[in-house]
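Please look over the sequence and the model shown here before reading on. The paragraphs below follow the strand pairing and then turn to the nonpolar cores.

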Amino acid sequence: MKNEFEVDFYLHARNSFTRVRTPKWSDVEEFLMKLKGGSGGVRLRIAPEPDIGPMNLDVSTDDGFYLLTLLECSESDLTVRSYWDKSKTGKNKKIQIYGDYWPEQQLTNDFDLVVRVFKEFFDTGNVSADVLN
């Protein structure tokens, strides 16, 4: 069975929110491009939510930093997988996104990576553990 999705897009500065049910990849890509360089987020959610497995992929951004997270459900609990840049190990710098501080290792400035991760999730319903662990 092919996954069905909903995609949510919001920009903080404009206080705007848009949801598209059963989006095409071009819809998701358009929202991601609107997000680039802004402050907001995009969520791609599998609908209906599965009992087990990945549920949704989120990106939140502020000031050129992107926080990627994948929420998945197992038989016993919910797990959040996120991007982690091992090359930045030992740095304790924190970056603020929406008033919360995140380790710099957990963020990326690589917008192309964000698009690739969303495309993988859109195509497969999951993201490689090599990227989000």
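In strand E3, Gly40 is the bridge partner of Leu11, where strands (E, at least two residues) and helices (H or I, at least four residues) are DSSP runs numbered from the N terminus. This is a predicted model, in which local features need pLDDT of at least 70 and side-chain atom pairs count only at pLDDT 80 or more, whereas totals for chains, interfaces and linings use all residues. Residues are numbered from 1 along each chain as its sequence is written, and side-chain values use heavy atoms, with hydrogens and water left out.

Strands E1 and E3 (residues 40-46) run antiparallel and are joined by 7 bridges; two strands are said to pair if DSSP finds at least two bridges between them. Strand E2 (residues 16-21) is also antiparallel to E1, with 6 bridges joining them, and Phe17 of E2 is the bridge partner of Tyr10. Strand E1 (residues 5-11) is largely enclosed by the rest of the structure, because 6 of its 7 residues are buried, that is, under 20% relative accessible area with a 1.4 Å probe, protein chains only.

The largest nonpolar core, a set of buried Ala, Val, Leu, Ile, Met, Phe, Trp, Tyr and Cys residues joined through side-chain atoms within 4.5 Å, has 28 residues, and Leu32, Val42, Val59 and Phe118 have the most contacts inside it. At least two residues of this core come from each of E1, helix H1 (25-35), E3, strand E4 (53-62), strand E5 (65-73) and helix H2 (111-124), and H2 supplies the largest share, 8 residues. Apart from this core lies another, of 5 residues, among them Leu67, Ile95, Ile97 and Leu107.

How values were computed. Buried < 20%, exposed > 50% of the residue type's maximum accessible area, 1.4 Å probe, protein only.
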